[in-house]
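Colleague: Could you take me slowly through the small sheet in this model, and then through the helices around it? I would like one connected picture that I can follow with the structure open.

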Amino acid sequence: MDTDNQTWEREFILLGLSSDWDTQVSLFVLFLITYMVTVLGNFLIVLLIRLDSRLHTPMYFFLTNLSLVDVSYATSIVPQMLAHFLAAHKAIPFVSCAAQLFFSLGLGGIEFVLLAVMAYDRYVAVCNPLRYSVIMHGGLCARLAITSWVSGSVNSLMQTVITFQLPMCTNKYIDHISCEILAVVRLACVDTSSNEIAIMVSSIVLLMTPFCLVLLSYIQIISTILKIQSTEGRKKAFHTCASHLTVVVLCCGMTIFTYIRPHSSPSVLQEKLISVFYAILMPVLNPMIYSVRNKEVKGAWQKMLGQLSGLTSKLAT
């Protein structure tokens, strides 16, 4: 590092979850299995939607995007974390750290905007079913998906550039599982209040705005469902939204808790556990939630398994 102690280290050391070797080996096995299930589960969801024409609808188009985001988010963090579990020197180069921050922050923002887009799709499906195909046409769906990816990426690019322009002290130890933005900002040897305000503002725009749009959509959806006369009709409308609402509740809470108020943010250990939740658990839970609670997806699974069983029988004979 330069003698003025005001530049970035060439590499950083990630302290991770534990320094105990046995614990690290156990976590390596657990996280490796979970990551493999994540990749396989989301890949199967995308493949199923691709192969079953009954799932060629806006809802499953957005679900495909969500699965791709989940796999990409996990991949931006988990492989490096797995390597560090078995490494004595847990270093990450400057460029890799910046890239990891950019991709993880960007993909997290994309997911939030996608959840808001999916809530709007459910709103139209429940509240305006007769005009659903007219409103949610292919062009609009493509534009909404592109908006999600662009908005998350632009916000992440700005935050990454601002963060890595901060003058750094000699401390190169990041007390986190990855190059998470708040953990990196703490390395700066200047007042970071303006950076924390910028993080809070971007969080309000990219996290709270989609969350409020989701709430507004579901207020309208619930209001419409309560007006449905038949019990069967209410159950059908509710099941249309149940999977998405479950993911929103799981996804929004801890992210808002972490980023909206940096000054009163949780402890470092809590931040690590929250990051593990989003990098490890959420990507593996999403395909399970949409599979278990969705009749159309379960029907598509049964159809595909039946076709595979028939093909296997023919090959056997």
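**The sheet and its helices**

Modeller: Happy to! The sheet is open, has 3 strands in the order 2-1-3, and its pairing is mixed. Strands here are DSSP runs of E with at least two residues, helices are runs of H or I with at least four, and both are numbered from the N terminus; two strands pair if DSSP finds at least two bridges between them. Strand 2 and strand 3 stand at the edges with a single partner strand each, so one side of each has no neighbour in the sheet.

Before going on, a word on the model: it is predicted, local features need pLDDT of at least 70, side-chain atom pairs count only at pLDDT 80 or more, and totals for chains, interfaces and linings use all residues. Residues are numbered from 1 along each chain as its sequence is written, and side-chain values use heavy atoms, with hydrogens and water left out.

Now the pairing itself. Strand 1 (residues 11-14) is joined to strand 2 (residues 91-93) by 3 bridges in the antiparallel sense, and Glu 11 has Pro 93 as its bridge partner there. Strand 1 also runs parallel to strand 3 (residues 173-174), with 2 bridges between them; on that side Leu 14 stands opposite Ile 174.

Helix 3 (residues 94-127) lies across strand 1, strand 2 and strand 3, and runs at about 85 degrees to strand 2. Axes are lines fitted to C-alpha atoms, for helices over the stretch in contact, and angles run from 0 to 180 degrees between N-to-C directions.

From helix 3 we can move to its helix partners. Its axis and that of helix 2 come within 9 Å and cross at roughly 160 degrees, which makes the two helices roughly antiparallel (the term for angles over 145 degrees). This crossing is left-handed, meaning that the near helix is turned anticlockwise from the far one by less than a right angle, while clockwise would be right-handed. The contact of helix 2 with helix 3 has 15 nonpolar, 7 polar and 4 charged residues. In this scheme Ala, Val, Leu, Ile, Met, Phe, Trp, Tyr, Cys and Pro count as nonpolar, Asp, Glu, Lys and Arg as charged, and the others, Gly among them, as polar.

With helix 5 (residues 138-163), the axis of helix 3 comes within 7 Å and crosses at roughly 145 degrees, this time in a right-handed crossing. Among the residues making the contact (heavy atoms within 4.5 Å) are Gly 106, Gly 109 and Val 113 of helix 3 and Ser 148, Gly 152 and Ser 156 of helix 5. By class, this contact has 13 nonpolar, 10 polar and no charged residues.

Helix 2 (residues 58-85) also meets helix 1 (residues 21-51): their axes come within 9 Å and cross at roughly 160 degrees. Helix 1 and helix 2 are therefore roughly antiparallel, and their crossing is left-handed.

Finally, the unreviewed UniProt entry annotates residues 98-120 as one of its transmembrane regions; such annotations may be inferred rather than shown by experiment. In the model, residues 98-120 are 100% helix and 0% strand, with end C-alpha atoms 33 Å apart.

Key. Parallel < 35°, antiparallel > 145°, perpendicular 65-115°, else oblique.
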